[in-house]
Amino acid sequence: MSWLWAIIVGLVLGLIAKAILPGKQQIPLWLTAVFGILGSVLGNWAATGLGVNDTRGIDWTRHLLQLAGAVVIVAVGDRLWAAVRGGKQRT
């Protein structure tokens, strides 16, 4: 069940990251979810490094780090996707 939860959280984080970034991103929905999952993993890694990965109550710092990781990975991934696809936009 944890893999299903990771996909859901990754999709939500990826969609929020796409909303935060300026302009229109060209990555498809499935790649948004993958990048959101990777951003979540990156945020968890950073939270563990900072010692804030497991706190009492809601882990706001960890969640913000996950969102920041998703924003970075979606931004970089969108640029790479556009470069690989030749900058073509879907119609």
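Helices here are DSSP runs of H or I with at least four residues, numbered from the N terminus. With that in hand, isoleucine 16 can be placed in helix H1. The model on screen is a predicted one.

**Stop 1: the whole chain**

Show the chain as a cartoon. Its secondary structure consists of three helices and zero strands, and reading along the sequence gives the pattern α-α-α. The C-alpha atoms fill a box of roughly 45 × 25 × 20 Å along the principal axes. Of the 91 residues in the chain, 32% are buried. Take the contacts between residues at least 6 apart in sequence: 64% of them join residues at least 24 apart.

**Stop 2: isoleucine 16**

Select isoleucine 16 in H1. Is this residue buried or partly exposed? Its relative accessible area is 35%, so isoleucine 16 counts as partly exposed. Now add threonine 32, which is 16 residues away in sequence; the two C-alpha atoms are 9.9 Å apart in space.

**Stop 3: where H1 meets H2**

Select H1 and H2 together. Two packed helices are described by the angle between their axes and the distance between the axes. Here the angle is about 100° and the axes are 7 Å apart. An angle from 65 to 115 degrees counts as roughly perpendicular, and therefore H1 is roughly perpendicular to H2.

To see the contact itself, show these side chains:

- from H1: Ala6, Ile7, Gly10, Leu11, Leu13, Gly14, Leu15 and Lys18
- from H2: Leu29, Thr32, Ala33, Gly36, Ile37 and Ser40

By type, the residues of this contact of H1 with H2 divide into eight nonpolar, five polar and one charged.

**Stop 4: the loop between H1 and H2**

Move to the loop between H1 and H2 and select glutamine 25. Its relative accessible area is 9%, so glutamine 25 is buried. Leaving aside neighbours within four places in sequence, glutamine 25 is in contact with Lys18 and Asp78. For a sense of scale, add tryptophan 60: this residue is 35 residues from glutamine 25 along the chain, and their C-alpha atoms are separated by 27 Å.

Proline 28 is found in the loop between H1 and H2 as well. Proline 28 is buried, with a relative accessible area of 9%. From proline 28 to isoleucine 73 the distance is 14 Å, C-alpha to C-alpha, with their positions 45 residues apart in sequence.

**Stop 5: the nonpolar core**

In soluble globular proteins, nonpolar side chains tend to be buried together. Which residues form the largest nonpolar core here? Select Leu13, Ala17, Leu21, Ile27, Leu31, Phe35, Leu67, Ala70, Val71, Ile73 and Val74, which make up its 11 residues. Two or more of these residues come from each of helix H1 (2–20), helix H2 (29–50) and helix H3 (60–84). The largest share, five residues, is given by H3.

Stay with leucine 67, one of the core residues. Beyond its neighbours within four places in sequence, leucine 67 is in contact with Leu13, Ile16, Ala17 and Ile20. Isoleucine 16 from the second stop is thus among the contacts of leucine 67.

**Stop 6: glutamine 66**

Step back one position to glutamine 66, found in helix H3. Glutamine 66 counts as buried because its relative accessibility is 6%, under the 20% cut-off. Apart from neighbours within four places in sequence, glutamine 66 is in contact with Leu13, Gly39, Ser40, Gly43 and Asn44.

**Stop 7: alanine 46**

Select alanine 46 in helix H2. Alanine 46 is partly exposed, with a relative accessible area of 26%. Arginine 62 lies 16 residues away along the chain, and the C-alpha atoms of the two are separated by 8.1 Å.

**Stop 8: the aromatic pair**

How many aromatic pairs does the structure hold? There is one aromatic pair. Select tryptophan 30 and tryptophan 81: their ring centres are 6.3 Å apart and their planes stand at 85°, so the pair is edge-to-face. The pair links distant parts of the chain, with tryptophan 30 in helix H2 and tryptophan 81 in helix H3, 51 residues apart.

Color the two by accessibility to finish. Tryptophan 30 is exposed, at 55% relative accessible area, whereas tryptophan 81 is partly exposed, at 22%.

Terms used:
Residues are numbered from 1 along each chain as its sequence is written. This is a predicted model: local features need pLDDT of at least 70, side-chain atom pairs count only at pLDDT 80 or more; totals for chains, interfaces and linings use all residues. Side-chain values use heavy atoms; hydrogens and water are left out. A nonpolar core is a set of buried Ala, Val, Leu, Ile, Met, Phe, Trp, Tyr and Cys residues joined through side-chain atoms within 4.5 Å. Buried means under 20% relative accessible area, exposed over 50%, partly exposed in between (1.4 Å probe, protein chains only). Contact means heavy atoms within 4.5 Å. Axes are lines fitted to C-alpha atoms, for helices over the stretch in contact, and angles run from 0 to 180 degrees between N-to-C directions. Angles under 35 degrees count as roughly parallel, over 145 as roughly antiparallel, 65 to 115 as roughly perpendicular and the rest as oblique. Ala, Val, Leu, Ile, Met, Phe, Trp, Tyr, Cys and Pro count as nonpolar, Asp, Glu, Lys and Arg as charged, and the others, Gly among them, as polar. Rings of Phe, Tyr and Trp (its six-membered ring) pair if their centres lie within 6.5 Å; planes under 30 degrees apart count as stacked, over 60 as edge-to-face and the rest as tilted.
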